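Reader: I'd like to learn how to read a protein–DNA model without getting lost. Can we take it one feature at a time?

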Protein chains: 2
Amino acid sequence: MLNLISGENMFTKSCQYAIRAVIFLAENQASDKNTGVKEIADALHVPQQFLAKILQQLSRHNLISSVKGPNGGFYLGEDNAEVTLLDIVECMDGKSTLSTCILGLPNCTNEHPCPLHHHFYGSREGLKATLSSCVVGALVNGQVLSAK
Amino acid sequence: MLNLISGENMFTKSCQYAIRAVIFLAENQASDKNTGVKEIADALHVPQQFLAKILQQLSRHNLISSVKGPNGGFYLGEDNAEVTLLDIVECMDGKSTLSTCILGLPNCTNEHPCPLHHHFYGSREGLKATLSSCVVGALVNGQVLSAK
DNA sequence: GATAAAAAAGATGGTTTTATCTTTTTTTTT
DNA sequence: AAAAAAAAAGATAAAACCATCTTTTTTATC
Ligand code: FES
Ligand code: FES
């Protein structure tokens with residue numbers, strides 16, 4: 001479920017965790033060692049098993065890379081160099097998220113607008129543009145990444 | 001829960017129904033007859049009892065007006081003339097909705113930013129401004145309001 | 001080959017959101 | 001006063017989301 005305006009947060013929990021995890025991986029891009037779920041979960045103060053599911057989902061969609069076995073873990077490789085926030089969001093919350101009518105009505109078009117369409121269409125396109133311009137590998141700036 | 005970006009919709013279901021119902025009431029502002037839950041629910045094709053809860057919540061917060069008994073129902077009166085979309089959203093999804101960190105981290109400030117803060121702070125403030133500038137009573141334009 | 005480490009996958013609970021059902025209160029009309 | 005209409009409130013259930021526990025698969029190291 002993607003609630004762009006109402007709800008407790010702009011992103012779902014799954015999506016928040018996914019983004020934070022991927023940015024964390026981006027910080028370790030240089031090092032050639034993999035990062036395990038436990039290490040990520042501990043660093044971000046996020047439930048480990050829930051994060052594991054999220055990382056599996058991202059990995060299945062080739063947004064991050066993984067290796068099994070000892071010294072295994074997750075990493076951002078060359079395959080993932082172009083991954084954007086929009087990819088992450090769509091992977092976790094579905095593609096429809098940023099295209100459907102914000103009031104849940106069918107046929108969101110300029111010709112068939114709901115009473116809010118013209119007020120928010122522009123903002124939403126702007127958000128989409130921002131999301132697709134954010135390449136996750138480049139989102140590292142030593143900024144706050146975890147709670148606690 | 002208000003999910004401004006991720007999730008199925010920008011607004012929660014409760015919030016969508018609330019907004020659509022209030023706009024529907026705005027259309028009947030002129031007439032001095034009240035509108036019952038059943039009539040609204042039928043017009044918007046939304047679950048009647050769920051809508052009833054939502055209207056009760058809006059009424060409790062004085063965002064809409066109601067009268068009980070025969071010929072009772074809901075209406076937008078002078079008390080509700082200044083109600084904005086922001087009021088509706090905050091009433092349904094909580095005040096914190098548009099202020100907390102979009103990654104769920106504590107202390108969303110420019111001095112203590114998460115990696116996404118600077119990318120989205122502006123857009124979110126813009127959305128908030130748009131929401132607070134939309135007086136619901138003025139949102140009527142004969143546009144699509146219900147599915148089906 | 002045996003062992004251990006780690007992701008992957010399967011199964012199961014808990015919580016919140018969404019939705020429905022029933023009862024109560026208020027108020028108009030008869 | 002009685003009856004009826006409608007919101008208000010209480011209780012319960014279904015669905016989605018969040019979280020955890022367990023088992024399986026893969027793979028490196030011994
Ligand atoms: S946002 Fe409602 S029709 Fe486009
Ligand atoms: S949006 Fe994350 S700190 Fe402001």
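Author: We'll go through the DNA surface and then the salt bridges. Keep in mind that this is a predicted model.

Reader: Fine. Which residues come nearest to DNA strand C?

Author: The general idea is to list what surrounds the strand, then pick out the nearest. Here 30 residues are around DNA strand C, and those that come nearest are A:K53, A:S66, B:P47, B:F50 and B:P70.

Reader: And which helices and strands supply the surface near DNA strand C?

Author: For that, you map the residues back onto the secondary structure. From chain A, α3 (48–60), β2 (65–67) and β3 (73–75) each supply at least two residues, and so do α1 (13–27) and α3 (48–60) of chain B. The element that gives the most is α3(A), with 4 residues.

Reader: How do the residues of that surface divide into nonpolar, polar and charged?

Author: Sorting by residue class gives 10 nonpolar, 14 polar and 6 charged.

Reader: Now flip to the DNA side. What share of the strand C atoms within 4 Å of the protein belongs to sugar or phosphate?

Author: Sugar or phosphate takes 62% of those atoms, and bases make up the rest.

Reader: Which polar atoms of the protein lie by a phosphate oxygen of DNA strand C?

Author: Check whether each protein atom is backbone or side chain. A:V37 uses a polar backbone atom, 3.0 Å from a phosphate oxygen. B:S14 has a polar side-chain atom, also 3.0 Å from a phosphate oxygen. There is a sugar or linking oxygen to look at as well: an N or O atom in the side chain of B:K68 is 3.4 Å from one.

Reader: On to salt bridges. How many are there over all chains?

Author: A search of the whole structure turns up 7. Take one in chain A: the side chains of A:E39 and A:K33 meet at 3.5 Å, N to O. In chain B, B:K33 pairs with B:E39, with the closest N and O atoms 3.5 Å apart.

Reader: Why does A:E39 count as partly exposed?

Author: Because its relative accessibility is 35%, and partly exposed is what lies between the under 20% of buried and the over 50% of exposed. A:K33, at 48%, is partly exposed too. Over in chain B, B:K33 is partly exposed at 49%, as is B:E39 at 35%.

Reader: Can you show me one more pair?

Author: Try B:E90 and B:K95, whose side chains meet in a salt bridge at 3.8 Å, N to O. B:E90 is partly exposed, at 22%, whereas B:K95 is exposed, at 64%.

Conventions: Residues numbered from 1 in each chain as written. Chains lettered and ligands numbered in written order. Predicted model: local features only at pLDDT ≥ 70, side-chain atom pairs only at ≥ 80, totals over all residues. Heavy atoms only, no water. Near = heavy atom within 4 Å. Polar contact = N/O pair within 3.5 Å; in protein donor to acceptor, adjacent residues only side chain to side chain. Nonpolar A, V, L, I, M, F, W, Y, C, P; charged D, E, K, R; others polar. Salt bridge = Lys/Arg side-chain N within 4 Å of Asp/Glu carboxyl O. Buried < 20%, exposed > 50% of the residue type's maximum accessible area, 1.4 Å probe, protein only.
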